[in-house]
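Dear colleague,

I am handing over the structure we spoke about, and it follows directly below. My notes on what was found come after it, with a pocket and some salt bridges as the topics.

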Amino acid sequence: MTAFSLEPAQLAWCAELRALAAERLHPLADKGEPGHVNRALVAELGSLGLLGRLFTSGALDLCLMRESLAYACTEAETALALQGLGAHPVHAYGTEAQRARWLPRVAAGTAIAAFALSEPGAGSDAAALELRAEAETAAQDDRAPAATAHAAGPAPAGDPAPAAGPARAGDPVSTAATAPAAGPASTAATAPAAGPASTAATASGAGPAPAATTLTAAPDGPARWRLTGEKCWISNAPEADFYTVFARTTPGAGARGVTAFLVPADRPGLTGRGLDMLSPHPIGALDFDAVPVTAGDVLGEVDRGFRVAMGTLNLFRPSVGAFAVGMAQAALDATLAHTAGRDAFGGKLRDLQAVSHQVAEMALRTEAARLMVHAAASAYDADAPDVPRRSAMAKLLATETAQYVVDTAVQLHGARALQRGHLLEHLYREVRAPRIYEGASEVQRGIIAKELYARQEAR
């Protein structure tokens with residue numbers, strides 16, 4: 001199969017997913033409480049087998065799922081994406097014990113995952129993370145246990161097993177999970193932000209950042225740390241059951257001094273609060289007050305957490321583009337129906353050349369974005385060397401395209417599209433955040449240029 005066509009079976013599966021989203025998932029989404037995790041919706045995604053596919057499918061299948069769900073129910077798409085983003089580091093880099101404890105529950109929709117990368121002072125520049133992981137011997141041992149962010153089942157046993165490298169096990173979704181190690185000056189992507197594909201958001205472009213409370217990991221003996229600091233714009237926070245947390249274990253080392261930890265939500269010292277966003281999704285901030293972690297909580301290797309972050313983002317960036325394409329297609333189809341039936345100036349709205357040309361432009365850009373998303377996902381599945389560039393291009397083109405298409409659709413519908421409850425009013429709010437999270441558009445342009453110049457110098 002080429003990157004530019006889909007097999008009949010894939011097309012049929014996409015149609016089935018759109019129907020499931022409209023008939024079974026959308027009603028559950030409507031019953032959810034804005035700004036909070038919809039556990040009934042996540043459980044239904046699990047019962048339909050869609051969450052389990054996050055760990056057995058490739059990048060192209062992930063894109064097909066996200067586009068199809070987004071077309072009919074953006075809330076279902078977001079819930080699926082956040083489970084994948086938060087749990088993929090466990091799947092690809094976790095120990096056997098970590099995988100056995102959490103992945104079956106994620107697949108069943110009974111455990112909520114979150115990807116905690118962004119900080120108040122480190123969004124698009126992920127290499128600038130400062131959440132501290134400090135030695136427990138340097139931390140205060142006499143402080144009282146703090147309230148937890150979320151009660152999440154039995155407390156972990158503090159498994160002391162050494163952290164393993166990436167656990168691929170031949171699963172397609174794990175292919176090429178790691179990106180080349182980046183230096184301190186790396187233009188790292190942001191973690192996801194608020195909004196639809198809200199997978200732990202970046203503060204980039206979000207106005208003045210709050211006063212930074214850096215997150216650090218201080219050593220507490222040979223294989224123990226205490227996490228101190230803050231994470232912000234984290235999707236599913238503070239209601240997730242566990243977090244993939246990135247903390248600085250080596251001060252001043254840039255991207256080479258960050259470690260990824262799997263932190264259950266019931267760890268003492270971990271608290272959180274929700275944030276009120278333009279599009280009401282579960283997203284919040286996390287406070288770490290000497291939260292204990294051990295070698296058994298490390299994902300991948302100590303000081304190599306940046307690879308975990310970039311490997312995850314390289315997989316999910318094209319699928320953010322797929323989410324955007326799904327919204328663009330929904331807006332385009334709504335516009336086709338409206339302009340074909342709307343009477344205006346003695347004919348139908350579609351008879352006006354100014355309108356028909358805009359519709360043609362919407363369709364052109366949507367299809368171009370879809371093809372680039374499919375090409376990037378296919379490159380990931382093939383373990384191609386240019387995945388970072390392709391992923392950045394796909395996310396950039398698709399998210400900017402979706403913003404254009406939805407905005408044009410609103411213009412062609414007129415005031416009715418701005419009425420609360422209208423499909424386009426919903427999409428207009430949902431479509432803005434993907435241009436920021438998982439690497440703002442400006443960051444994607446920087447990645448593309450960096451890769452292009454690197455390739456030129458290598459000739």
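In which helix do arginine 429 and glutamate 425 lie, and how many residues apart are they? Before the answer, please keep in mind that this is a predicted model. Both residues belong to helix H9, where they are 4 residues apart, or about one turn of the helix. Their side chains form a salt bridge in which the closest N and O atoms are 2.7 Å apart, and both arginine 429 and glutamate 425 are buried. Elsewhere, Glu67, Glu367 and Arg370 are joined into one network by salt bridges that share partners.

The count of salt bridges comes to 18, and two further ones deserve a description, since each links separate elements. In one of them, the side chains of arginine 39 and aspartate 241 meet with an N to O distance of 3.3 Å. Arginine 39 is part of helix H2, whereas aspartate 241 sits in the loop between strand S4 (224-235) and strand S5 (242-248), so this pair ties together parts that are 202 residues apart in sequence. The two partners also differ in exposure: arginine 39 is partly exposed, because its relative accessible area is 30%, while aspartate 241, with a relative accessible area of 3%, falls under the 20% limit and is therefore buried.

The other pair is glutamate 77 and arginine 66, whose side chains meet in a salt bridge at 2.4 Å, N to O. Here glutamate 77 comes from helix H4 and arginine 66 from helix H3, so the contact ties together parts that are 11 residues apart in sequence. Glutamate 77 counts as buried, at 0% relative accessibility, and arginine 66 is likewise buried, with a relative accessible area of 0%.

Turning to the pocket, the largest one holds about 760 Å³ of space. Of the 37 residues that line the largest pocket, those closest to its centre are Ala29, Asp30, Thr74, Glu75 and His426. Several helices contribute to this lining, with at least two residues supplied by each of helix H1 (8-31), helix H2 (39-47), helix H3 (59-72), helix H4 (74-93) and helix H9 (423-430). As for its chemical character, the lining divides into 17 nonpolar, 14 polar and 6 charged residues.

Helices H2, H3, H4 and H9 thus appear in both parts of these notes, since they supply lining residues of the largest pocket and also hold partners of the salt bridges described above.

With best regards

Conventions
Residues numbered from 1 in each chain as written. Predicted model: local features only at pLDDT ≥ 70, side-chain atom pairs only at ≥ 80, totals over all residues. Heavy atoms only, no water. 1 Å grid on protein atoms, 1.4 Å probe; cavity = no way out; pocket = protein on both sides within 12 Å on 5 of 7 lines; lining within 4 Å. Points joined across faces, edges and corners; volume = space filled by probe spheres on them. Nonpolar A, V, L, I, M, F, W, Y, C, P; charged D, E, K, R; others polar. Salt bridge = Lys/Arg side-chain N within 4 Å of Asp/Glu carboxyl O. Buried < 20%, exposed > 50% of the residue type's maximum accessible area, 1.4 Å probe, protein only.
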